[in-house]
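This report covers one sheet and one residue within it. The sequence and structure are shown first.

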Amino acid sequence: MSRLWCFLLITTLCVELNNAGVLEKNSVHFKNSLGPNDILRVDCLSKDDSLVHDLKPGQTYDFSFNDSILKTIFDCTLSHGQGFIHQASFKAYEGGGLIVHYGKENFWDAREDGIYFTHGKETPKLEYKWS
């Protein structure tokens with residue numbers, strides 16, 4: 001069997017297992033750890049989705065998805081403060097393409113000094129400061 005046919009067979013099996021829900025979805029989680037009465041706006045875009053949510057302090061928002069064999073990117077802007085003046089924009093998730101992920105988790109925590117990140121196994125680290 002040629003290498004191309006092997007590649008196509010394996011790719012098809014992975015896509016079918018993923019579509020059947022056998023493989024665990026990836027997820028992105030956001031938490032508002034800002035001060036009292038400080039609403040966090042989460043605004044994320046991908047090639048297929050536009051997601052906007054306002055979170056009160058202590059609230060979380062998360063979404064799950066499957067990687068595309070082309071590429072999966074969620075670009076997000078988090079904002080807070082009077083008129084949502086404080087902002088930070090970043091890639092909240094990037095995957096797919098040649099390396100398709102299953103069960104990958106990205107945790108983003110909005111705090112007074114900036115936005116912290118972890119995959120859930122390590123202590124969150126400051127990744128972005130508010131502008």
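## A buried tryptophan

Trp108 has a relative accessibility of 5%, so this residue counts as buried, the cut-off for buried being under 20%. The model is a predicted one. Trp108 belongs to strand S7, which covers residues 105-111.

## Surroundings of Trp108

Leaving aside residues up to four places away in sequence, Trp108 touches Val28, His29, Phe30 and Lys31. Its other contacts are Phe90, Lys91, Ala92, Ile115, Tyr116, Phe117, Glu127 and Tyr128.

One of these residues, Ala92, also takes part in a polar contact: its backbone oxygen lies 3.2 Å from the side chain of Trp108. Another, Glu127, is 19 residues from Trp108 in sequence, and the two C-alpha atoms are 9.3 Å apart in space.

## The sheet

Strand S7 is part of an open sheet of 5 strands, arranged in the order S4-S1-S7-S8-S9. The pairing in this sheet is mixed. At the edges stand S4 (60-65) and S9 (125-128); each has a single partner strand, so one side of each is left without a neighbour in the sheet. From one strand to the next, the twist averages 25°.

## The S8 and S9 pair

Strand S8, residues 114-118, runs antiparallel to S9, and 3 bridges join the two. Within this pair, Phe117 stands opposite Lys125 in S9. Phe117 is also among the residues that Trp108 touches.

Definitions and conventions: Residues are numbered from 1 along each chain as its sequence is written. This is a predicted model: local features need pLDDT of at least 70, side-chain atom pairs count only at pLDDT 80 or more; totals for chains, interfaces and linings use all residues. Side-chain values use heavy atoms; hydrogens and water are left out. Two strands pair if DSSP finds at least two bridges between them. Helices (H or I, at least four residues) and strands (E, at least two) are DSSP runs, numbered from the N terminus. Axes are lines fitted to C-alpha atoms, for helices over the stretch in contact, and angles run from 0 to 180 degrees between N-to-C directions. Buried means under 20% relative accessible area, exposed over 50%, partly exposed in between (1.4 Å probe, protein chains only). Contact means heavy atoms within 4.5 Å. A polar contact is a pair of N or O atoms within 3.5 Å; within protein, one must be able to donate a hydrogen and the other to accept it, and residues adjacent in sequence count only if both atoms are side-chain atoms.
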